[in-house]
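This report describes a metal site and two pockets. The structure comes first, and the description follows.

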Amino acid sequence: MHPPFETAPATAAIQIVFATRTTWPDIAKDLPEAARQFAAANDFAGKPGKCLTLPAPDGKIAQVLFGIEDEGAKHRDLFRPGALPGLLPPGVYRFANAPHDLRLATLAFALGTYRFRRYRKDEQPDVRLVPSDGVDIADISRMAEAAALARDLINTPSNDMGPGELAQAAQQLADRFGASFSTIVGDDLVKQNFPLIHAVGMASTRAPRLIDFSWGDPAHPKVTLVGKGVCFDTGGLDLKPSSGMLIMKKDMGGAANVLALAQMVMDAKLKVRLRVLIPAVENAVAGNAFRPLDIFKSRKGPTVEIGNTDAEGRLVLADALALADEEKPDLLVDMGTLTGAARVALGPDLPPFYTNDETLAGSVAAHAQRENDPLWRLPLWPPYDSWLDSKVADINNAPSGGFAGSITCALFLQRFVTDATSWLHVDIYGWTPSAKPARPEGGECQAARAIYKLLSERYA
Ligand code: BES
Ligand code: MN
Ligand code: ZN
């Protein structure tokens, strides 16, 4: 079970009472007179996000009041209880009544206890929650643990999270579940025909590599996950401005989320043959860096002209997707922090996804909503495909103009997927720019929970 959950507390758990502006008067009526006065004196009226601890006569905490949105509110933040761990004094708690969605509230509580503690061991809220009856606490723990993994990997700065360290993290996960693991490192990438992964990663002193692990019964449906593992993105020679470079330790967010997803799939023992592919590179600047106008033959065959060395994510994914595609998986999913354009279009909290499989699209959208792991479909718009034309090669990695940048990136990747039965691409951000309930500032688990639930439904 995830650490904040506690099934057998030594002392009685303190009750957290959820109140809305509408339900508050009825809740107040049932409180002892002194408690009602205390709430009134503190101006508690069920305002969403407002938290008040009520004292008992002996000075201990009698119970906690917490405001959430009204049932019919235009927007109900189902993760609002995720703010509680940051507000409550140390102790063991339980929910006295059901917030809007008990399962998501419980998950939010766990997600809200996360702190990045690798370099500073303080600040972890010492709050525990006794799960309410009827919630599947094993599954909630599984999701919270996976989110913590993704967040830790993303938050770890690049000096401690290069291609080698990312491979180690993947191997640790593979070993834990008995998956078979291998990597192709450095010049071997050229020998084994991964020219684009090599081209992007070769200027770093930390060798590029392709991480590859497989798990599960080979007779089960083949689900392959591919994650962008750019451990730092300077932009290469088309160098990023300092403001843009400032969060580029998170450019392996696709890899982190693919690992989080893989962890959930393996832990839940879903009936799939899982394969995880992570091209892990550092997009660095050096004399041997790849350049604008360079042309490389890709693994799949088409020659790729480099319009911009900062469009490196699609390059490393192209070779990894080509490999994944070779064994015709039933479902091929890739994730990566691929474009600033996706943020311009939809902001940091709503990653776009792309697929031509209508059934899959509907299912992704439904699970995203149900899990409060928001995703929004954008089109693989065929008329823009020609924007990728190069005058001297088969394709250019960075169309000039920059219009519809997330779409053209998806169209670029689509050129490398021809044989998978179904393909899903998610252009994630992997980062929460400012803290929200259940979402502390920093690395974020995006799309992994929604896709895990989709896979659970299909392959339980
Ligand atoms: N890692 C970036 C995308 C990114 C930037 C994600 C900022 C989140 C925040 C990616 O490698 C990149 O630099 N993309 C370029 C592509 C362009 C050169 C075609 C971009 O989006 O500007
Ligand atoms: Mn880039
Ligand atoms: Zn990048």
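How far apart are the zinc ion (ligand 3) and the manganese ion (ligand 2), and which residue coordinates both? In this predicted model, the two ions are 3.1 Å apart, and Asp-233 coordinates both.

**The zinc site**

Asp-233 lies in strand E9 (residues 229-233) and Glu-312 in the loop between strand E12 (303-305) and helix H11 (313-326), so this pair ties together parts that are 79 residues apart in sequence. Asp-233 and Glu-312 are both buried. Along with these two residues, Lys-228 and Asp-251 coordinate the zinc ion (ligand 3). Lys-228 does so through NZ, Asp-233 and Asp-251 through OD, and Glu-312 through OE, at 2.0 to 2.4 Å. The spacing of these donor residues in sequence is K-x4-D-x17-D-x60-E.

Why does the arrangement around the zinc ion (ligand 3) count as octahedral? Its six donor atoms subtend angles of 78 to 174 degrees, and the arrangement is octahedral because of these angles. For six octahedral donors, the ideal angles are 90 or 180 degrees.

**The two pockets**

The table sets out the volume of each pocket and the classes of its lining residues.

| Pocket | Volume | Nonpolar lining residues | Polar lining residues | Charged lining residues |
|---|---|---|---|---|
| Largest pocket | about 600 Å³ | ten residues | eight residues | eight residues |
| Second largest pocket | about 520 Å³ | eight residues | three residues | seven residues |

The largest pocket has 26 lining residues. Those that lie nearest its centre are Lys-240, Leu-338, Thr-339, Gly-340 and Ala-341. Two elements give two or more residues to this lining, namely helix H12 (340-346) and helix H14 (405-414). Helix H12 provides the largest share, three residues.

Which residues are the closest to the centre of the second largest pocket? They are His-75, Asn-372, Asp-373, Pro-374 and Arg-439, out of 18 residues that line the second largest pocket. At least two lining residues come from each of helix H13 (358-370) and strand E15 (376-377). Helix H13 gives the most to this lining, with three residues. Seen by domain, the lining of the second largest pocket takes at least three residues from domain 1 (10-113) and at least three from domain 2 (142-459).

Definitions and conventions:
Residues are numbered from 1 along each chain as its sequence is written. Chains are lettered from A and ligands numbered from 1 in the order in which they are written. This is a predicted model: local features need pLDDT of at least 70, side-chain atom pairs count only at pLDDT 80 or more; totals for chains, interfaces and linings use all residues. Side-chain values use heavy atoms; hydrogens and water are left out. On a 1 Å grid over the protein atoms alone, a cavity is a set of points where a 1.4 Å probe fits but cannot get out, and a pocket is an open set with protein on both sides within 12 Å along at least five of seven lines; lining residues have an atom within 4 Å of a point. Grid points are joined across faces, edges and corners, and a volume is the space filled by probe spheres set on the points. Helices (H or I, at least four residues) and strands (E, at least two) are DSSP runs, numbered from the N terminus. Ala, Val, Leu, Ile, Met, Phe, Trp, Tyr, Cys and Pro count as nonpolar, Asp, Glu, Lys and Arg as charged, and the others, Gly among them, as polar. Domain bounds come from an automatic or database domain assignment. Donors are N, O and S atoms within 2.8 Å of the metal (3.2 Å for Na, K and Ca); water is not among the atoms, so sites may look incomplete. Four donors count as tetrahedral if all angles lie between 85 and 135 degrees; four count as square planar and six as octahedral if opposite donors are over 155 degrees apart and all others between 65 and 115; anything else is irregular. Buried means under 20% relative accessible area, exposed over 50%, partly exposed in between (1.4 Å probe, protein chains only).
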